[in-house]
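Q: Could you take me on a close walk through the sheet in this structure, one strand pairing at a time? I would like to see how the strands, the helices and the packed side chains fit together.

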Amino acid sequence: MRNSDGRPDWNWLALPGWPNASWIMLLLGFAVLFALPIPTAQAAGCTHFDIDEKGRPIYVIVPRSNFVSGAYIVYEDPDCQIPESRDYFYLSLAFAKRGRRAMEICEVNESKQVSHVVRAGMDNVYYCELGKRKGPRRQRRELLFGMRFVGDAQGALAYCQELARGRPTHKQPNHVEGPTRRHSNWDCYRVWKVSKNYLERVGA
């Protein structure tokens, strides 16, 4: 719309029945926001999860649940375009940054009880270990590593913490279990307490 001088006339924006300029800018802002991609789950998509027997990286397409179990195609390229083989994951994998999140992914997706999680050797990948859960109902745990130690539980925990300081994950164990009658192997755990809301989410 132009005025009598032939120049653009923006006064029409203020006329009744037309949105004003601030409303137009606001609507444009919302349009830009809706056009942005929605953030996906941490590891969903084509993800590096292990290395093969020759030391080459291998990849798998991870669903939005960040949970992989059963038969899946393994790829040899980071775009998951070149299939290497069809693998079967006997131990389910949870893709997460931390053991706490991995434990929740395992419990939500597994039909059987999850005992604990343990890192699968690569960043952001954990095994879902099935079995009877140890400890109180609201306790969850991540197995960090095992060790040999002769002594009581207090000494074993102190030794676990000493060994953990030299490990790249820097997770401090706060619980130990063992040994059996046959040997002096101890397991070093990171345990934590979950909320009632968590129990409802995982159906425990």
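A: Happy to. Let's start in the middle of things, with β3 and β4: these two strands run antiparallel and are joined by 8 bridges. Please keep in mind that this is a predicted model. Two facing pairs help you find your place along this pairing. Val74 sits opposite Ser85 in β4, and Ile73 has Arg86 of β4 as its opposite number.

The rings come next. Tyr72 and Phe89 make an edge-to-face aromatic pair, with 6.2 Å from centre to centre and 65° between the planes. Tyr72 belongs to strand β3 and Phe89 to strand β4, so this pair ties together parts of the chain that lie 17 residues apart in sequence. How does burial compare for the two partners? Phe89 counts as buried because its relative accessibility is 9%, while Tyr72, at 23% relative accessible area, is partly exposed. The cut-off that matters here is 20%, since buried means under that value. Ring pairs also bring in Phe49, which forms a cluster with Tyr72 and Phe89. In the chain, the count of aromatic pairs comes to 4.

Now step across to the other neighbour of β3. Strand β2, residues 57–62, pairs with strand β3, residues 67–75, in the antiparallel sense, over 2 bridges. Here Tyr59 has Tyr75 in β3 as its bridge partner, and Val60 stands opposite Val74 in β3. If you recall Val74 from the pairing above, that residue also faces Ser85 in β4. The hairpin of β2 and β3 has 4 residues between its strands, and there Asn66 adopts a positive phi near 60°.

Going on in this direction brings us to β1, where Asp50 is found. Asp50 counts as partly exposed because its relative accessibility is 24%. Setting aside residues up to four places away in sequence, Asp50 touches Arg56, Pro57, Ile58 and Met122. Asp50 and Val60 are separated by 10 residues in sequence, and their C-alpha atoms are 9.1 Å apart.

On the far side of β4 comes β6, and these two strands pair in the antiparallel sense over 3 bridges. Leu93 has Tyr127 in β6 standing opposite.

With those pairings in mind, here is the whole sheet. It is open and has 9 strands, in the order β1-β2-β3-β4-β6-β5-β7-β9-β8, and the pairing is mixed. The edges are held by β1 (45–51) and β8 (175–177); each has a single partner strand, so one side of each is left without a neighbour in the sheet. From one strand to the next, the twist averages 40°.

Helices pack against this sheet too. Helix α2, residues 99–109, lies across β3, β4, β5, β6, β7 and β9, and runs at about 135° to β5. Helix α3, residues 153–164, touches β7, β8 and β9 as it packs on the sheet, with its direction at about 85° to that of β7.

What do the buried side chains do in all this? The largest nonpolar core has 16 residues, of which Ala94, Ala102, Met103, Cys106, Val117 and Tyr198 touch the most other members. At least two residues of this core come from each of α2, β5, β6 and α4 (196–202), and α2 gives the most, with 4 residues. Cys106 is a good residue to click on: leaving aside neighbours within four places in sequence, it is in contact with Phe67, Ala94, Val114, Val117 and Cys128. There is also a second, separate core of 12 residues, which includes Val62, Val74, Leu93 and Phe95. So two residues from our walk turn up again here: Val74 and Leu93 are both among the members of that second core.

Finally, let's zoom out to the chain. It holds 4 helices and 9 strands, which follow the pattern α-β-β-β-β-α-β-β-β-α-β-β-α along the sequence. Of its 204 residues, 33% count as buried. Among contacts with a separation of 6 or more, 46% are between residues 24 or more positions apart. The chain exposes about 13500 Å², and carbon and sulfur atoms supply 54% of that area.

Conventions:
Residues numbered from 1 in each chain as written. Predicted model: local features only at pLDDT ≥ 70, side-chain atom pairs only at ≥ 80, totals over all residues. Heavy atoms only, no water. Pairing = 2+ DSSP bridges. Axes fitted to C-alpha atoms, helices over the stretch in contact; angles between N-to-C directions. Contact = heavy atoms within 4.5 Å. Core = buried A, V, L, I, M, F, W, Y, C linked by side-chain atoms within 4.5 Å. Buried < 20%, exposed > 50% of the residue type's maximum accessible area, 1.4 Å probe, protein only. Areas by Shrake-Rupley, 256 points an atom, 1.4 Å probe, with all protein chains shown as cover. Phe/Tyr/Trp six-rings, centres within 6.5 Å; stacked < 30°, edge-to-face > 60°.
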